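The exercises below concern helix packing and a pocket, and each task is followed by a solution worked in steps. Please have the sequence and the coordinates open while you read.

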Amino acid sequence: MLYPELPLVVFTVLAQTAVGGYLIMAGRLSQLTSTAKQHRPLVLSMFVLWAFMAVGFAASTMHLGSPLRAFNALNRVGHSGLSNEILTGSLFFALGGLYWLVDLFKIFHEGVLKLARIIVAIAGIIFMAAMIKVYLINTVPVWDSSFTYVEFIGTVLMSGVLLGYVLLNLTGAATAKLNAKLAIFGVIIIALHLIITAWQLVTIAEITTSIQTGADHLAVYSGSIITRLILLVIAGGLWLLSAFKSNQAVTVKTLGCLAFIAMFIAEIIGRGVFLRLTLYCWTLIKNNR
């Protein structure tokens with residue numbers, strides 16, 4: 001993974017993790033009454049999500065070369081995927097931050113707050129759709145495929161849900177039943193992701209030209225690919241142990257945090273490989289024409 005792709009790696013992984021985490025936490029907050037003792041700690045912990053978004057946006061401006069170019073990109077909202085991504089991401093960040101402050105200081109009653117959570121969730125989903133759309137361009141055929149959906153939505157459903165799981169447990173807002181449901185869901189998504197990743201690698205390996213092959217380029221990143229897959233399996237195992245084999249709250253939190261660390265590193269590595277391999281494969285396809 002080279003430096004030019006690093007800002008995109010950081011931005012996409014952090015943003016997708018924040019959206020997934022928000023969906024889990026917002027859903028749990030809507031189940032709790034405003035007077036529940038877990039309510040305020042859970043709302044406070046949402047600061048982690050907005051910190052992820054802030055760091056992600058800061059990284060994305062590095063990819064543009066200058067933060068001021070982000071404002072220029074907004075000139076083509078509705079016509080440019082990048083402009084739509086910046087706008088929808090900014091709306092999710094702004095609406096989410098505003099909701100967070102309102103809920104934190106109890107400015108409105110619970111009915112209004114529930115509606116606000118739904119609006120922010122919709123903004124987050126639209127943001128993810130806009131982000132995927134940026135990469136679905138026919139000038140890079142390997143990006144313009146169903147594998148891009150799998151890569152990005154997978155991060156939302158794995159890293160994001162696991163972050164929500166961790167924050168729920170750290171704030172005492174989780175239950176054994178909820179932990180079990182989230183862990184089972186997360187491990188199923190990890191298993192499906194591993195299967196589809198294997199399919200993607202086989203597809204790339206089959207790309208050949210008279211001078212090079214996709215398999216040759218896969219070999220360059222084989223160490224990163226294997227490391228990522230191992231980390232995903234470790235994250236899934238720790239997640240299950242946290243939810244089903246731990247009777248002490250401290251152990252649940254510790255295993256959950258370790259699972260998230262493994263998951264997050266895996267997604268960072270995977271996104272770097274995704275960006276580099278697609279560029280290499282575009283060269284292969286172009287030479288094969």
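**Exercise 1.** What volume does the second largest pocket have, and which residues line the second largest pocket?

*Solution.* The model is a predicted one, and in it the second largest pocket has a volume of about 160 Å³. The next step is to list the lining, which consists of Leu 95, Leu 98, Tyr 99, Val 102, Phe 108, Val 112, Leu 113, Leu 115, Ala 116, Ile 119 and Val 120. Assigning these residues to secondary structure shows that the elements giving two or more residues to the lining are α5 (81–104) and α6 (110–135), and that the largest share, six residues, comes from α6. Sorted by character, the lining of this pocket divides into 11 nonpolar, no polar and no charged residues.

**Exercise 2.** Determine how α1 and α6 are oriented towards each other, and describe the residues of their contact.

*Solution.* Start from the geometry: helix α1 (residues 6–31) and α6 pack at an angle of about 155°, with their axes 10 Å apart. Angles over 145 degrees count as roughly antiparallel, and α1 is therefore roughly antiparallel to α6. The crossing of the two helices is left-handed. On the α1 side the contact includes Leu 8, Phe 11, Val 19 and Tyr 22, while α6 contributes residues including Glu 110, Lys 114, Arg 117 and Phe 127. The residues of this contact divide into 15 nonpolar, four polar and three charged.

**Exercise 3.** Work out the orientation of α8 relative to α10, and name residues through which α8 and α10 meet.

*Solution.* The axes of helix α8 (residues 176–205) and helix α10 (residues 222–244) come within 9 Å and cross at roughly 165°, and α8 and α10 are therefore roughly antiparallel to each other. As for handedness, α8 passes α10 in a left-handed crossing. Among the residues of α8 that take part are Asn 179, Ile 184, Gly 186, His 193 and Leu 201, and among those of α10 that they meet are Ile 225, Arg 228, Gly 236, Trp 239 and Phe 244. Classifying the residues of the contact of α8 with α10 gives 16 nonpolar, five polar and one charged.

**Exercise 4.** At what angle do the axes of α7 and α10 cross, and which residues make the contact?

*Solution.* The axes of helix α7 (residues 146–170) and α10 come within 12 Å and cross at roughly 35°, and α7 passes α10 in a left-handed crossing. Glu 151, Met 158, Val 161, Leu 162 and Tyr 165 of α7 make the contact with Arg 228, Leu 232, Trp 239, Ser 242 and Ala 243 of α10. Divided by character, the residues of this contact are seven nonpolar, one polar and two charged.

Terms used
Residues are numbered from 1 along each chain as its sequence is written. This is a predicted model: local features need pLDDT of at least 70, side-chain atom pairs count only at pLDDT 80 or more; totals for chains, interfaces and linings use all residues. Side-chain values use heavy atoms; hydrogens and water are left out. Axes are lines fitted to C-alpha atoms, for helices over the stretch in contact, and angles run from 0 to 180 degrees between N-to-C directions. Helices (H or I, at least four residues) and strands (E, at least two) are DSSP runs, numbered from the N terminus. Angles under 35 degrees count as roughly parallel, over 145 as roughly antiparallel, 65 to 115 as roughly perpendicular and the rest as oblique. A crossing is left-handed if the near helix is turned anticlockwise from the far one by less than a right angle, and right-handed if clockwise. Contact means heavy atoms within 4.5 Å. Ala, Val, Leu, Ile, Met, Phe, Trp, Tyr, Cys and Pro count as nonpolar, Asp, Glu, Lys and Arg as charged, and the others, Gly among them, as polar. On a 1 Å grid over the protein atoms alone, a cavity is a set of points where a 1.4 Å probe fits but cannot get out, and a pocket is an open set with protein on both sides within 12 Å along at least five of seven lines; lining residues have an atom within 4 Å of a point. Grid points are joined across faces, edges and corners, and a volume is the space filled by probe spheres set on the points.
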